[in-house]
Amino acid sequence: MTRPQPIGPGVRGVEAFPARTPTLPPATHTNSYALGGGEVLLVEPATPFEDERREWLAWARGFASQGRSLVAIAVTHHHPDHVGGARFFAAELGLPVWGHAEAAPRLPDVPLARRLSDGEVVRLGGPEPMALRVLHTPGHAPDHLCFLDEAQGVLVCGDMVASVGTILIDPREGDMMEYLAQLERLAGLGAQVALPAHGAPIDAPEALFRRYITHRLGREQQVVAALEAAGAGDAGGASGTSLDALLPVAYADTPPFLWPIARLSLEAHLIKLEREGRALRHEDRWRRAARNGA
């Protein structure tokens, strides 16, 4: 794999460095990004592996020879395949770490020098200054951030979408309803290219965001159908059915070896349906809510 990697024609002051990380297959790497043609913000201090860290440091230190200066390291969110090198790189490079306030309690060993909030603008100086709008986009993770270079239409989108694999919404900290709302928000930005944490740059990102929404809503219909097939639509006292019984029906098109991950997504969908009054839960069992909301 060639490193670093250009983003594409016409994109200035942005560079990618894919590093091997312990991420979910089929992805094997997490992309870090250098943003700024003068002052540089490094996004995604991802890798925990020593050999990859050496190459990452050489990449980061190489900007000095180009007359560019490092100002900080930013994390899109706290997941291990995104922050595995945060403390190490910050110490080696003498840089502060920035992230959303929700990241702070999830990264107790990585002090946040600056807590970024939705809508604020990070300004990077240089011959061609860059202004990055911070977008708080929870759903995949409570602390998830995206960074938008509005002048070029370049969106660093972390784990909101990927060009390899898919995005897990883990109900222990994710929120399917919020995730879909944030995808809709990103689709409306008019970005020209999206830079995901996993995979190549995404041209026409609006189309991909909308495909993700369509896929999730299609899966939701399969979950509803699975509830109905299990007899969970009886509001007259049906006991409901378990996640493990719903899984092979709602995810019949998914290979069984992926079912442990699919089970998490299934639960996230069910929680969304529950919040909308379309599913009912009693302890660990689920059933379809009556159509009148009873």
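Cys 157 is buried in this predicted model, with a relative accessible area of 0%. Cys 146 also counts as buried, at 0% relative accessibility. The sulfur of Cys 146 is the nearest cysteine sulfur to that of Cys 157, 5.9 Å away. A disulfide is a covalent bond between the sulfur atoms of two cysteines. Here a pair is counted as a disulfide when the two sulfur atoms are within 2.5 Å. Cys 157 is in no disulfide, and neither is Cys 146. The structure as a whole holds zero disulfides.

The strands come next. Seven of them make up an open sheet with mixed pairing, in the order 1-2-3-4-5-6-7. Strand 1, residues 5–6, and strand 7, residues 114–116, stand at the edges of this sheet. Each has a single partner strand, so one side of each is left without a neighbour in the sheet. For strand 7, pairing with strand 6 (residues 97–100) is in the parallel sense and runs over three bridges. Within this pairing, Gly 99 stands opposite Arg 115 in strand 7.

Further along the chain, strand 16 (residues 285–288) pairs with strand 14 (residues 241–242) in the antiparallel sense, over two bridges. Thr 241 stands opposite Trp 286 of strand 16. Strand 16 is also joined to strand 15 (residues 279–282) by four bridges, and these two strands run antiparallel. His 282 stands opposite Arg 285 in strand 16. Strands 15 and 16 form a hairpin with two residues between them. In the turn, Glu 283 has a positive phi of about 55°.

Helix 7 holds Lys 272. Is this lysine buried or exposed? Its relative accessible area is 7%, under the 20% limit, and therefore Lys 272 counts as buried. Leaving aside residues up to four places away in sequence, Lys 272 touches Met 176, Met 177, Leu 180, Glu 220 and Arg 278.

Helix 7, residues 259–275, also takes part in the lining of the largest pocket. Helix 2 (80–83) and helix 5 (205–229) do so as well, and each of the three helices supplies at least two residues of that lining. The largest pocket has a volume of about 730 Å³. It is lined by 30 residues, of which Leu 24, Thr 166, Ile 167, Leu 168 and Ile 261 are the closest to its centre. What is the make-up of this lining by class? There are 14 nonpolar, nine polar and seven charged residues.

Enclosed space is a separate matter. Rolling a probe the size of a water molecule over the atoms shows where empty space is left. How many cavities of 30 Å³ or more does a search of the whole structure find? The search finds one. About 50 Å³ of space lies in the largest cavity. The lining of this cavity is formed by Gln 5, Pro 6, Ile 7, Ala 16, Asn 31, Tyr 33, Gly 199, Ala 200 and Pro 201. Strand 1, at an edge of the open sheet, and strand 3 (29–35) are the elements that give two or more residues to this lining. By class, the largest cavity is lined by six nonpolar and three polar residues, with no charged residues. In the lining of the largest pocket, by contrast, seven residues are charged.

Key:
Residues numbered from 1 in each chain as written. Predicted model: local features only at pLDDT ≥ 70, side-chain atom pairs only at ≥ 80, totals over all residues. Heavy atoms only, no water. 1 Å grid on protein atoms, 1.4 Å probe; cavity = no way out; pocket = protein on both sides within 12 Å on 5 of 7 lines; lining within 4 Å. Points joined across faces, edges and corners; volume = space filled by probe spheres on them. Nonpolar A, V, L, I, M, F, W, Y, C, P; charged D, E, K, R; others polar. Buried < 20%, exposed > 50% of the residue type's maximum accessible area, 1.4 Å probe, protein only. Contact = heavy atoms within 4.5 Å. Pairing = 2+ DSSP bridges.
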